[in-house]
Amino acid sequence: MIRIGFAKDIHQLEEGDYLLLGGIKIPSKNRIIAHSDGDVVLHAVSESLLGSLSLGDLGTYFPPEDDKYKNYSSIEIVKFCYDLVKKQEYRINNLDISIELEKTKLKPYILDMRKSISKILDININQVSIKAMTNEKMDATGSGKAIVAYCVCLVGDKYE
């Protein structure tokens with residue numbers, strides 16, 4: 001049996017010196033405003049994994065009002081979510097991730113993000129696709145005030 005999960009994560013941006021995306025630091029004139037470490041890519045991956053098996057959302061497990069999750073590692077969040085998926089005997093077939101960001105060019109970092117995510121989840125790099133795009137100067141993302149990540153995941157049961 002296969003299942004599909006889809007998720008979107010959005011965060012505001014402010015002046016800073018790096019973005020944390022896909023588990024890597026990317027030099028930037030912005031930083032992500034968030035309760036956790038703000039890695040929108042890993043948040044979208046986590047939410048899509050949860051959604052694939054109707055396991056709730058990140059707020060269910062990591063409530064933003066709980067101070068113990070202040071600056072919490074998104075790597076730990078995605079590992080936790082994948083552990084829930086594996087406990088139901090499902091595995092990741094593939095992840096397809098899109099990132100919307102107007103100013104910082106992500107193309108030079110896509111391979112590093114793919115490597116990072118594949119390592120975090122212990123899957124093959126060919127199971128992780130990442131695309132980056134601008135929002136053509138439209139809305140909060142296009143004006144440089146926000147970053148958005150989307151993830152679609154396909155999971156299947158009892159296959160290697």
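Is phenylalanine 62 buried or exposed, at 11% relative accessibility? Phenylalanine 62 counts as buried at that value. The legends below describe close-up views of a predicted model.

**View 1. Phenylalanine 62 and tyrosine 72 form an aromatic pair.** The structure holds six aromatic pairs. In the pair of phenylalanine 62 and tyrosine 72, the ring centres are 5.7 Å apart and the planes are at 35 degrees, a tilted arrangement. Phenylalanine 62 lies in the loop between α2 (58–61) and α3 (74–87), and tyrosine 72 lies in the loop between α2 and α3, so the pair ties together parts that are ten residues apart in sequence. Phenylalanine 62 is buried, whereas tyrosine 72 is partly exposed with a relative accessible area of 28%. Ring pairs also join these two residues to others: the cluster is made of Tyr61, Phe62, Tyr69, Tyr72 and Phe80.

**View 2. Asparagine 71 has a positive phi.** The phi angle of asparagine 71 is about 60 degrees, although the residue is not a glycine. Most residues other than glycine have a negative phi. Asparagine 71 is placed in the loop between α2 and α3. With a relative accessible area of 54%, asparagine 71 is exposed.

**View 3. Lysine 25 lies over the ring of tyrosine 18.** The distance from lysine 25 to the ring centre of tyrosine 18 is 4.4 Å, and the lysine is over the face of the ring.

**View 4. Ile4, Phe6 and Val152 make a nonpolar surface patch.** The area of this patch is about 310 Å². One of its residues, phenylalanine 6, is found in strand β1 (residues 2–15). Phenylalanine 6 is exposed, and its relative accessible area is 54%.

**View 5. Arginine 31 and glutamate 14 meet in a salt bridge.** The structure holds three salt bridges. In the one between the side chains of arginine 31 and glutamate 14, the N to O distance is 2.7 Å. Arginine 31 belongs to strand β4 (residues 30–32) and glutamate 14 to strand β1, so the salt bridge ties together parts that are 17 residues apart in sequence. Arginine 31 is partly exposed at a relative accessible area of 38%. Glutamate 14 is also partly exposed, at 31%.

**View 6. Aspartate 83 forms a salt bridge with lysine 86.** The closest N and O atoms of aspartate 83 and lysine 86 are 3.5 Å apart. Both residues lie in helix α3, three residues apart, which is about one turn of the helix. Aspartate 83 is partly exposed, with a relative accessible area of 36%. Lysine 86 counts as partly exposed at 32% relative accessibility.

**View 7. Lysine 131 and aspartate 96 meet in a salt bridge.** The N to O distance between the two side chains is 2.3 Å. Lysine 131 lies in strand β6 (residues 128–133) and aspartate 96 in strand β5 (residues 90–100), so this pair ties together parts that are 35 residues apart in sequence. Lysine 131 has a relative accessible area of 32% and is partly exposed. Aspartate 96 is partly exposed, with a relative accessible area of 32%.

**View 8. Helix α1 is mostly covered.** Of the 13 residues of α1, eleven are buried. Among them are Val40, Val41, Leu42, His43, Ala44 and Val45. At 1.5 Å a residue, the 13 residues of helix α1 (residues 40–52) should span 18 Å, and the end C-alpha atoms are 18 Å apart, which agrees. Serine 54, just after α1, takes a positive phi of about 55 degrees.

**View 9. Leucine 42 and leucine 21 are 7.2 Å apart in space, C-alpha to C-alpha.** In sequence, leucine 42 and leucine 21 are 21 residues apart. Leucine 42 has its place in helix α1. With a relative accessible area of 2%, leucine 42 is buried.

**View 10. Aspartate 122 has a positive phi.** The phi angle of aspartate 122 is about 55 degrees, although this residue is not a glycine. Aspartate 122 lies in the loop between α4 (110–121) and β6. At 71% relative accessibility, aspartate 122 counts as exposed.

Definitions and conventions:
Residues numbered from 1 in each chain as written. Predicted model: local features only at pLDDT ≥ 70, side-chain atom pairs only at ≥ 80, totals over all residues. Heavy atoms only, no water. Phe/Tyr/Trp six-rings, centres within 6.5 Å; stacked < 30°, edge-to-face > 60°. Helix = DSSP H or I, 4+ residues; strand = E, 2+ residues; numbered from the N terminus. Buried < 20%, exposed > 50% of the residue type's maximum accessible area, 1.4 Å probe, protein only. Lys NZ or Arg CZ within 6 Å of the ring centre and 35° of its normal. Patch = residues over 30% accessible without salt bridge, like charges linked within 9 Å, V, L, I, M, F, W, Y side chains within 5 Å. Areas by Shrake-Rupley, 256 points an atom, 1.4 Å probe, with all protein chains shown as cover. Salt bridge = Lys/Arg side-chain N within 4 Å of Asp/Glu carboxyl O. Expected span 1.5 Å × (residues − 1).
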